[in-house]
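Here is a short, informal walk through one model. Have the sequence and the 3D view open side by side while you read.

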Amino acid sequence: MTENAEFKSWMCLICGYIYDEAAGSPDEGIALGTRWEDIPIDWTCPECDARKDDFEMVDHICPVDFEVTWL
Ligand SMILES: [Zn+2]
């Protein structure tokens, strides 16, 4: 069972635009939480018109990863 698969981020290798599955791309008609595989194949990067093939998965950039140990 993989009921809680984390949302991933995908980065455009051409311009560095990052698509975050959790955030979606409302301006492009992509709803919040839309998985990368569910995005239409003809969708292109809003910044540079690159195709999905030009995107690469990136690790989630999250400040929670920092272990703050102030005492
Ligand atoms: Zn781009």
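Where is I41 found? I41 sits in the loop between β2 and β3, and we'll come back to that loop further down. One thing to keep in mind throughout: this is a predicted model.

## The overall picture

Start with the inventory. The protein chain has three strands and zero helices, and going along the sequence the pattern reads β-β-β. The chain has 71 residues, of which 8% count as buried.

What about contacts over sequence distance? Take the contacts between residues at least 6 apart in sequence: 53% of them join residues at least 24 apart.

## The sheet

The three strands make an open sheet, and their order is β2-β1-β3, with antiparallel pairing. That leaves β2 (18-20) and β3 (55-58) as the edge strands, each pairing on one side only. On average, neighbouring strands in this sheet are turned by 30 degrees against each other, ignoring direction.

Now for the individual pairings. Strand β1 covers residues 9-12 and is joined to β2 by three bridges, the two running antiparallel. Between β1 and β3, also antiparallel, there are four bridges.

M11 is a handy residue to click on here. Towards β2, M11 stands opposite I18, while in β3 its bridge partner is E56. Right beside it in the numbering, W10 has Y19 as its bridge partner in β2.

## D20, in an edge strand

D20 belongs to strand β2, which is one of the edge strands. How exposed is D20? It comes out as partly exposed, because 16 other C-beta atoms lie within 10 Å, and that count falls between the 12 or fewer of an exposed residue and the 20 or more of a buried one.

Setting aside residues within four places in sequence, D20 is in contact with F7 and S9. K8 is worth a look too: D20 and K8 are 12 residues apart in sequence, and their C-alpha atoms are 6.3 Å apart in space.

## The hairpin and G16

β1 and β2 form a hairpin with five residues between the strands, and G16 there takes a positive phi near 90 degrees. In other words, G16 lies in the loop between β1 and β2.

Why does G16 count as exposed? It has 10 C-beta neighbours inside 10 Å, and a residue is called exposed at 12 or fewer, so G16 qualifies. Across the sequence, G16 and E47 are 31 residues apart along the chain, with their C-alpha atoms separated by 8.9 Å.

## The loop between β2 and β3

C48 lies in the loop between β2 and β3. Which residues does C48 touch, if you don't count those up to four places away in sequence? The answer is C12, I14 and C15. Of these, C15 is 33 residues from C48 in sequence, and the C-alpha to C-alpha distance between them is 6.6 Å. C48 is nonetheless exposed, because just 12 other C-beta atoms lie within 10 Å, and 12 or fewer is the cut-off for that label.

Next along is D49, which lies in the loop between β2 and β3 as well. Its phi is near 65 degrees, a positive value in a residue other than glycine. D49 counts as exposed because it has 11 C-beta neighbours inside 10 Å.

That brings us back to I41, found in the loop between β2 and β3. Is I41 buried or exposed? With 8 C-beta neighbours inside 10 Å, I41 counts as exposed. I41 and R51 are 10 residues apart along the chain, and 8.1 Å separates their C-alpha atoms.

Technical notes:
Residues are numbered from 1 along each chain as its sequence is written. This is a predicted model: local features need pLDDT of at least 70, side-chain atom pairs count only at pLDDT 80 or more; totals for chains, interfaces and linings use all residues. Two strands pair if DSSP finds at least two bridges between them. Axes are lines fitted to C-alpha atoms, for helices over the stretch in contact, and angles run from 0 to 180 degrees between N-to-C directions. Two residues are in contact if their C-beta atoms, placed from the backbone, lie within 7 Å.
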